[in-house]
Each structure stands twice: as structure tokens, then as C-alpha cells.
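This report describes selected parts of a structure shown below. Please look at the sequence and the model before reading on.

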There are 2 protein chains.
Amino acid sequence: MEKVKTAEVIVIGDELLSGETTDTNSTYLDAGLEALGWMVRRHTTVLDDVDAIASAIKASSKRCQLLLCSGGLGPTIDDLTLAAFASALNCGLRKDESVVASIQAKFEKLGRPMPPNNERQAMVPEIGEVIDNPVGTAPVFFAHLNDADVYVLPGVPRELKWLFKEKISDRINLGYRNVFRRSLKTVGRGESSLEYSIRNIIAKHKDKVQFGFRAIGVENHIKIMAMGSGAEDAIQVAADDLRGILGDSIYGVDQEILPEVVGELLIGRGDTLALAESCSGGLIAKQLTDVAGASAYFLGGCVSYANSAKSELLGVCESLLKRDGAVSAAVAEALATTGVAGPSGGSAEKPVGTVFIALAGPDGTTVERKQLIGNRSGVRENTALVCLELLRQKLL
Amino acid sequence: MEKVKTAEVIVIGDELLSGETTDTNSTYLDAGLEALGWMVRRHTTVLDDVDAIASAIKASSKRCQLLLCSGGLGPTIDDLTLAAFASALNCGLRKDESVVASIQAKFEKLGRPMPPNNERQAMVPEIGEVIDNPVGTAPVFFAHLNDADVYVLPGVPRELKWLFKEKISDRINLGYRNVFRRSLKTVGRGESSLEYSIRNIIAKHKDKVQFGFRAIGVENHIKIMAMGSGAEDAIQVAADDLRGILGDSIYGVDQEILPEVVGELLIGRGDTLALAESCSGGLIAKQLTDVAGASAYFLGGCVSYANSAKSELLGVCESLLKRDGAVSAAVAEALATTGVAGPSGGSAEKPVGTVFIALAGPDGTTVERKQLIGNRSGVRENTALVCLELLRQKLL
């Protein structure tokens, strides 16, 4: 087994420490680093402050072999990352003429003069290397410090992602992968009952792989992780054993999402789908149409939210369904939701979270009542999941 | 001005460093800490590893006066936070009988026997204090280390939020607020043109408040920040000056979101709204119905996604609109979208991102063509924003 090489991520910005903004760049970089062979051991988030940034960079560079920093490279006075990096490197700043030229060219292309404060972006540490950034004005910078190769990237997620993929990943690719993971995803099974049903599989494989559970609303994911050589095979064998027990309860793996899986099933069968949503208020249509190409199977739907709209819109959903069934070879299915999402509107008989889901197909209509937990948005999200899972089971 | 008291947050968990899970607990804690008078200076994310957790706790406890840790308190073998905290405190672990009793009571209530591994959750550091957790089995723990009061909280977001609010906030409330912020929110103005239009206001106030800009899709927020005594007044005066220049371009402040603002305008006028969505595929209906009480003004809508569904569904939206206009005193408005969200379907004349938005009201129908940037989900999000902003301007 190869020696594990470790990486850290530092993200920089006041807005990441004030409750305004959640850091998603680290999540993106973690996945990318793991795919290139690195084990990410730590994230640090610091303010736009030279001392805070410099001390975080210095400490990280002694703990890992690769350090990625993001943020604080803009043209305004609160962008201090390169000054801090220079301080950590114990060197001064120099104006890099290639960066000036690149920024000027970008403004010329836009037909606008370059504001003088953009020249601040060309001030880079005297030690190190500028990496061209064709997707923005912020310079990407590299230097070695202590034990680590250190890269400084912009904080704008679109720029960060492009630059990591196109400019950084080739330079840092270890050529092997050390950590392997797989998630098997289920809906509506309950964490402890799921764990109980697979206890023998866990016992059988626990020396080779690590199992974990993650509950997100009504979804339960089984996580399998292994490291080093043989890890992929060990995960595959464990996953096969889990499939032997759980079968079709597993709707997907890793990045697969339920609306996509349902879409593929519909395509495979040549079926089409129409929706009538009340309590989910457009959420299921939104999730289905998040998937590119959804128009191949998703005809459309009604959001019959106010009572006054229900009779008229629902009559039409029905006619849409009938008409399409008549004029096409496809069999149209229809899915409907109604319920109490809260916070008000609940009663003793139908408390908040009570949801009815109807599924109509060529072989009749079924209705299920579910009691879902969560706040308003939780009830709605869970309604959508339960609904799509019901459809998936029907399509199988 | 009071001396600034600083806080840090440590979040613990392998899934936070593998690209699987984005840490949102820190964002929640940041906002809560700031409201209680604290200045949050750093987040650290570490693996489920005793040495990594202990060294992070020790280092943080020397840099701040308050340290909140989250995660790694579950019953399974990968939950190591209390063992690590004991190591940082240089003490052993003891079994806390109150925690055992509390966990047993929770299982009794569920009518299930307590699995033996839940006893692990009762092993707490010998030094420090157990804080009762009525919403879960994980113990909440407090101890003082170096310069900091250290609290250890569960990682499950629902539990963390409840415990922070109900059990921790009173204990750590400084009784004053040090950092004040306000965001003024606009749609579709462009960052640099927005900055240019308020340059005199920035110059006038820059000694008392700090200005920042944040672009999220087609939204542009102006951020105002000030610290210490007089900060609130300084922000209010600056915000008033900005409103003097920007007027109705500002749709809302801080947590206000556009669907909510539009809803309030509709209620104020006694108007109702119907939707016909094509490229936005249910997203606008979803956003409107995210707001509790939306049925007071949102009648419903059609998601006419497939071409075959357009004629039939749209005829009905029209009749819904007419009918409601006839039977109620309210004036019904109708909003429609169609466009190319991508990734395919674009042409030279109508590239990906081309969107048409129609707004029909008692005084006629207007149609706007917009060219929006972004990937599929970006185009759809931006379509929804531009659409709702168009309606807001019409309602004003």
C-alpha cells in the first residue's frame, strides 16, 4: 500500500464566518483531491486578515504535502490573500506584468477601461509562480512552503471549479486513488431497521471495509469506505452482498438521484408522466425538470394550490393524460399529491405532515396516506421523495 | 467600545472532508454567535480521529474565548469527539449515569431495548459538565480549556440548532452585539454598474462602515458592516442614503427573499397570481409555495413542459385567470415563462439562456426577452428571479 499523501484546504473570507455564506468550495475540492489520490485531512476558514491568513497557511504547510487556498484575490481593499501568502513565504510583493496585460486584455474585450484598482490583482509574492487564469481577473498562484505545494485560487465557485479542473489537477495528480467510497441509497426504510437487516454483511466485511449510515430526511444511505490496494474490489464484494439482501430497495448509487432514476425507468418503458401537485406545490415538477432531457417523458403538470384552482386544473390533468394515452403508443402514468405541509392547517385527524399520494396508471389507481416529519420544507421534500419512490416501485 | 470577544467553531466528521457533505452547521452557529455578541474568527474541519480532534481543540482554545465543537458524539465506533476532548483536557473518561438513564428513557419511550453500544455515549471526560439533551441520545458537554469555554454539540443539524437555541445561547450571551451587518438586495443590476451608481455614498460613509458586494446569479447585494458602539446608527444612515439613490431597485433586506416580497405585495393589493411555466418547469411555483400562506394569493399554475402539453394546459391557465377575475374582487395577474435552459436545444438565434417572460394583468400583457448566463440550473434560477422581479416592478 502506497504511503498516504495528505492535503488541506483553506478558505478565506469574512462572509464565510458571519453566517451569510456556506462554504461549498471545500466540498468541491475534497471530491476532486480524493479522485487524484489525496487524503484531505483538514479545512480551515479564516477572515480577510493578513495575520490570520498567513498563520493558517504556515501551520497547514507543516502538516500536509498539498495545500489549496481559495478566496481573497479580488481587486478591492478586503482582498489580502497574496499579501498574506508573501508574509508566510517571508518575501515581498512584485507587480507581475503578465497579469496586468491579461487583466487589461479582458477589459478591452468588454470594451471598457480597466479601473486602476484592478492593478492590485497583479501584485504577487516575489517567490513562486503565476498560473494563467483565462476565466477571471484574479491570478492563480503557486509556491512551495515547508512540506507543502501551495496553490492559491479565486473564491468565485465558477472560476475555482474551472481552474481546478483545467489548470491544477494535472499538476497534482498522484496517478492512483487511495480512498474509495460507495453510497447505496434507499428511501423510507429507517436507519436502525436498515442497519439491523444488514448486520451479517457488516460483520462479514468489517475487516476490509468501513460501514456508515447517513439519514437525510426519509432517505437512508449506507456508506462503504476502504483504503489502499484491493479497496475497490472489497467495496464491490460488500456492495454485491448488500444488494443480495436489499434488492430493489436500493434506488441508486453515489451521485444518482431519484428523479433521474425514475426518468431512466420511464424512458426504458416508453412511459410518460403527468403530475398534479397540491402540497408539494411544484417541487416534484421542479425536481423532474432539473434533469436535462426530462421532456422525453415528463409531459407537464398542474400546481392546483388554491382550492379554487383544484377542480378546473385537475380536470385538465386527467384529459391530458387520456389524450396522450390515446394518441401515443406510450402508457401515461399520473402522480398526484395533497397534504398539510404546515406550519398551520393541521388538525387532530390530519396533523401537519399528513400527505396523500395517488398514482394512476393503465392498471388502476392506488392511494397511500403517509405521516411525514419535518418543518414545512422538510415535509415537502419528503413528500417528493416518497412520491417518486412509490412511482419507481410501480415501474419496476 | 467593548473589547471584541472571539469565538471559533470546530466541526468533526470524515463525511465533511470527502466531498460528500457540505458543512452547514458552522453557518448556523456563526449567525447565532454574532447575534450574541461574539466575533467568529475561524472554523476548522477535522476527521473522526482522536489526535486530529484533540490537537484542533487545543490550538483553538488558545486563540479564542469560546469554542463550539460539533459532531462525533454518536454511538458507533467512529464517534470519537469526547475521547479526544478528554485527551485535550489531559484527563480520562467516566461513565455518566445521568446520560445512561436519559438514553434508556428515550428507548423505553420508543418501546425498544437500548442496544449496548449506546452506553458508549455516556462516556464523558472526567473534567467538565454534562448538559441535558432532550432531543437526542448524544450528550452535550462543557469544559474550560486554556483561554476558552468549550462546548461539544451533536452534528445532526436539527439537534444542533435546538440545543444551541435552548441550552447554550443563554449561557454564552454577552448581552451586547459587536458586529452589525445589513444587506440591501437587488436583481438584474450588474455589480459594477451598481457600485458606480453609489460611489458617492461609499466615499461619504467609508470611515464608519465597510461596504462589500456580492453577486449570486442575477442578484446583487450591497453589504454594509460596522462594529462597536454607534455601529447600528451608522449602518442605518448609510442604508437610508443608498435607498435615496436606488429606491425601488432594492427589493429586500437581509433574509427577505423575492417570492416573499412579491407575496406581500399581492396580499397588500388583494391580487391573485397564476403561473404558466415551461423552461422554469415548476421552479417558480415551488419558490412561491415555499412561503407559508401562499394559498392566499397563489391560485396555482401549469407546468407545460412537453410540447404536447402546451396548448391544452395553457388554455386552462387562461380560463382559470378569467374565471377568478370574474368571480372575485381581486385582479388576477398571470406570469409565464418559456426558454432554453440547456444544455441542448440552443440555436444561433436562440442560444441556451434565451428566455421569454410574459406578464398579463388587467391592463394588458407585456413580454420580455432576456439572455441569461449559467448552466441549466443557473438559467432556471435566474429565470425565476427575473420573472418575480418583473412582477414586483409591475405591482409597485
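Two residues are said to be in contact, or to touch, when they have heavy atoms within 4.5 Å. The model described here is predicted.

With that meaning, B:Asp79 touches B:Gly72, B:Leu73, B:Gly74 and B:Arg120, leaving aside residues up to four places away in sequence. B:Asp79 sits in a loop of chain B that runs between strand 3 (66-70) and helix 3 (81-89). Is B:Asp79 buried or exposed? The cut-off for buried is under 20% relative accessible area. B:Asp79 has 17% relative accessibility and therefore counts as buried. The side chain of B:Asp79 also reaches the backbone nitrogen of B:Gly74, at 3.3 Å. Along the chain, B:Asp79 and B:Gln121 are 42 residues apart, yet 8.8 Å separates their C-alpha atoms.

The two distances given for B:Asp79 are set out here.

| Atoms of B:Asp79 | Partner | Distance |
|---|---|---|
| Side chain | Backbone nitrogen of B:Gly74 | 3.3 Å |
| C-alpha | C-alpha of B:Gln121 | 8.8 Å |

The next element is helix 4 of chain B, made up of residues 97-109. From its first C-alpha to its last, this helix of 13 residues reaches 18 Å, close to the 18 Å expected at 1.5 Å a residue. Which residues of helix 4 of chain B are buried? They are B:Val99, B:Val100, B:Ile103 and B:Phe107. These residues lie on the same side of helix 4 of chain B, because they cover an arc of only 100° around the axis. An α-helix has 3.6 residues a turn, so residues three or four places apart point the same way. On the other side of helix 4 of chain B, the exposed residues are B:Glu97, B:Glu108 and B:Lys109. The cover over the buried residues of this helix includes strand 4 (93-95) and strand 6 (129-131) of chain B. After helix 4 of chain B comes B:Gly111, which has a positive phi, near 70°.

The last topic is the interface between the chains. Here 68 residues of chain B are in contact with 68 residues of chain A. Between them the chains bury about 5600 Å², of which 51% is on carbon and sulfur atoms. How many salt bridges are there between chain B and chain A? The count is six. In one salt bridge, B:Asp290 pairs with A:Arg380, and the closest N and O atoms are 2.8 Å apart. Polar contacts between chain B and chain A come to 22 residue pairs, both residues being at pLDDT 80 or more. Helix 11 (residues 307-327) gives the most to the side of chain B that touches chain A, with 10 residues.

How values were computed:
Residues are numbered from 1 along each chain as its sequence is written. Chains are lettered from A and ligands numbered from 1 in the order in which they are written. Side-chain values use heavy atoms; hydrogens and water are left out. Helices (H or I, at least four residues) and strands (E, at least two) are DSSP runs, numbered from the N terminus. The expected span of a helix is 1.5 Å times one less than its number of residues. Buried means under 20% relative accessible area, exposed over 50%, partly exposed in between (1.4 Å probe, protein chains only). The arc is that of the directions from the helix axis to the C-beta atoms. A polar contact is a pair of N or O atoms within 3.5 Å; within protein, one must be able to donate a hydrogen and the other to accept it, and residues adjacent in sequence count only if both atoms are side-chain atoms. Buried area is the accessible area (1.4 Å probe) that two parts lose on being put together, summed over both. A salt bridge is a side-chain nitrogen of Lys or Arg within 4 Å of a carboxyl oxygen of Asp or Glu.
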